[in-house]
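Please study the sequence and the model shown below before attempting the exercises. Each exercise is followed by a worked solution.

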Amino acid sequence: MAKGSLLYITLGCAKNEVDTDRMRALLDAADYQEVDSAQDADAVIINTCSFLASATSESIETTLALAEEVNEGVRATRIIMCGCVPSRYGDQLPQELPEVSAFVRADEEDGIVAIVDDVLGVERDMPSFIPNIKRTVEGSVAYVKISDGCDRFCSFCAIPYIRGRYHSRPADRIIAEARELVAGGVKEIVLIGQDTGIWGKDFKDQVDGPANLAQLLVALAEALRPLRVWIRVLYLQPEGMTDELIAAIRDTPEVLPYIDIPVQHCNERVLKSMHRSGSEQQLDELFAHLRFEIPGMVIRTTSLVGFPGETDEEAEQMLAFMDRNSFDYTSVFAYSREEGTRAAEMDDQVDEDVKLERAQKALDLAEALGFAATASHVGETAEVIIDGIEENDGFSEFIGHAWFQAPDSDGAVHLDIEDACIGDIVTVEFTDSFCYELVGHVVESE
């Protein structure tokens, strides 16, 4: 008999999705039932994001909307706030949000069963079962965290204060988790972390097994090789792109030649003010080297515009850098003045109107480059993983993604197949494109 019913709401990035999934698996094993509606839930678990002020606002607004319905008697449920907002503002929250029954920091989430038991008044004769692999993913793609925290302390970012110092997960746990996910039907493993390229740098003693990301990729590929699985790695920083890592990506068939490097800016002075390293010349040389070593590779990056002190000339320099390097995908963000960060206290804050104007210019260029990169695949043939069915005005079609499209980020492939299952891998000829989307004719299926 179920101890209670729970609804999960996840806000923010894929790393939060992984954390929610871990909590869900623990609570499932502890005899809690998942429901699809807050009206049917004894408690709602909200996993929050606080990377930007807008994300914090969304987290608070979602919580208050639930609380308002509870106060109006629409339903009776308890609210448990988890993740980044409690990690960042924990001491202030009980007084500011009395409607919330419990606040759970990111480093407390493995104890979620005891917290939910306490909130709902559940008593146990014996401790709940704790599964070895704490995942419940359904679908063709699964994110696997290889690290948490960050040691960079970029002046615009609050992540080190929210998630703590950088720490790598042991390789054996990563590989075991990936194996279980693949056994459950997953066809693509996406490795994530705040800074994946430096995985293993915090291993102090002699390591029995992989000691850096390049070695981890090779070991993971060997473990999954008989199972026809794609491996993608995200959130690489420029400094982490060693020759060994480049070779591992190039020479390991399971590892996709898709490089995600969030540069933020190219101007050396701006990067130094951001507490980041590098220069325009060094970044140009890095991307040229990557394209030479891995022909046909796809590159995703990030442009942060309107950082304190950024001049018109420096903003134009970043646009020229983007254009010259012809990135396949670029995420554009206007600088957000985040409480508690060093950049928030800097002089020469850029006016909001100027930030928005610069962001629009960068977005326009990013889309022009990205749309052209997508269109360049028309006429090619490649494998596509089927992700689901999309409904549009009564018309349904299967959609999937190719190796050059990161799930949930880069667009999709719309397929002309009538009978398929999520997770199937089909061979597709790309016949047309629109924006970041592709239309594909299935020429061979499993």
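The exercises below concern a predicted model and treat one helix, two pockets and several loop residues in turn.

**Exercise 1.** Determine whether the end-to-end distance of helix α7 agrees with its number of residues.

*Solution.* Helix α7 runs over residues 171-183 and has 13 residues. The expected span is 1.5 Å times one less than the number of residues, which gives 18 Å for α7. The C-alpha atoms at its ends are 18 Å apart, so the two values agree.

**Exercise 2.** Identify the buried residues of α7 and establish how they are arranged around its axis.

*Solution.* A residue is buried when its relative accessible area is under 20%. In α7 the buried residues are A171, I174, I175, E177, A178, L181 and V182. Their directions cover an arc of only 160° around the axis, so they lie on the same side of α7. The general rule behind such a pattern is that an α-helix has 3.6 residues a turn, so residues three or four places apart point the same way. The cover over the buried residues of α7 includes β6 (141-145), β9 (188-192) and α8 (213-224). On the face turned away from the buried side are the exposed residues D172, R173 and A183. Just after the helix, G185 has a positive phi of about 115°.

**Exercise 3.** Describe the largest pocket by its volume, its lining and the classes of its lining residues.

*Solution.* The volume of the largest pocket is about 1,200 Å³. Its lining consists of 45 residues, and C13, K15, F51, Y235 and F333 are those nearest the centre. At least two lining residues come from each of α1, α6, β11 (258-260), β12 (298-305) and β13. Sorted by class, the lining holds 25 nonpolar, eleven polar and nine charged residues.

**Exercise 4.** Describe the second largest pocket in the corresponding terms.

*Solution.* The second largest pocket has a volume of about 690 Å³. It is lined by 23 residues, with D19, R22, D110, K145 and R169 closest to the centre. Two or more lining residues are given by each of α1, β7, α6 and α7. The greatest contribution is that of α1, with three residues. By class, this lining has four nonpolar, four polar and 15 charged residues.

**Exercise 5.** Which loop holds F153, and which loop holds D348?

*Solution.* F153 is in the loop between β7 (147-148) and α6 (159-163). Its phi is near 55°, a positive value in a residue other than glycine. F153 counts as partly exposed because its relative accessibility is 22%. D348 is in the loop between β13 (329-334) and α13 (352-375). The phi of D348 is also positive, near 60°, and D348 counts as exposed at 60% relative accessibility.

Terms used. Residues are numbered from 1 along each chain as its sequence is written. This is a predicted model: local features need pLDDT of at least 70, side-chain atom pairs count only at pLDDT 80 or more; totals for chains, interfaces and linings use all residues. Side-chain values use heavy atoms; hydrogens and water are left out. Helices (H or I, at least four residues) and strands (E, at least two) are DSSP runs, numbered from the N terminus. Buried means under 20% relative accessible area, exposed over 50%, partly exposed in between (1.4 Å probe, protein chains only). The arc is that of the directions from the helix axis to the C-beta atoms. Contact means heavy atoms within 4.5 Å. On a 1 Å grid over the protein atoms alone, a cavity is a set of points where a 1.4 Å probe fits but cannot get out, and a pocket is an open set with protein on both sides within 12 Å along at least five of seven lines; lining residues have an atom within 4 Å of a point. Grid points are joined across faces, edges and corners, and a volume is the space filled by probe spheres set on the points. Ala, Val, Leu, Ile, Met, Phe, Trp, Tyr, Cys and Pro count as nonpolar, Asp, Glu, Lys and Arg as charged, and the others, Gly among them, as polar.
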